[in-house]
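Work through these exercises with the model in view. Try each task before reading its solution.

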Amino acid sequence: MPTYAYACTACGHRFDAVQSFSDAALTECPECGGLVRKQYGSIGVTFNGSGFYRTDSRSTSSSASSGESSGSSTSSKKSEASASPAPAGS
């Protein structure tokens, strides 16, 4: 059963109530008997798993071009590192 947050408009008392979806919203403050209002907050949703990617909401042209540029710079750095001569010394 979901938990709902309420706040009294008269005294400012805040409390949570566990209610069923079919239950009516509370209207009376348990502290002063004043009118209460249901509080709504933002809920952060994160999709995790192998089927969700950070680039899913972006257009295909921007993700493809950014992937190519970062991939080519990484591969060129690797080839430069392997092509440089080893320092001589004993």
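Three exercises follow, on fold, surface and cysteines.

This is a predicted model, with local features needing pLDDT of at least 70, side-chain atom pairs counting only at pLDDT 80 or more, and totals for chains, interfaces and linings using all residues. Residues are numbered from 1 along each chain as its sequence is written, and side-chain values use heavy atoms, leaving out hydrogens and water.

**Exercise 1.** Determine the order of helices and strands along the chain.

Solution. Take helices (H or I, at least four residues) and strands (E, at least two) as DSSP runs, numbered from the N terminus. The chain has 1 helix and 3 strands. In sequence order they read β-β-β-α.

**Exercise 2.** Place Val45 in the chain and classify its exposure.

Solution. Start with location: Val45 lies in the loop between strand E3 (36-39) and helix H1 (60-83). Next, apply the cut-offs: buried is under 20% relative accessible area, exposed over 50%, partly exposed in between (1.4 Å probe, protein chains only). Val45 is exposed because its relative accessibility is 61%. For the chain, buried residues make up 11% of the 90 residues.

**Exercise 3.** Find how many disulfides the structure holds, then examine Cys8 and Cys29.

Solution. A disulfide here is a pair of cysteine sulfur atoms within 2.5 Å. Searching the whole structure gives 0 disulfides. Cys8 is in none; its nearest cysteine sulfur, that of Cys32, is 3.6 Å away. For Cys29, the closest cysteine sulfur is in Cys8, at 3.8 Å, so the two are too far apart for a bond. Now check burial. Cys8 is buried, at 6% relative accessible area. Cys29 is also buried, at 2%.
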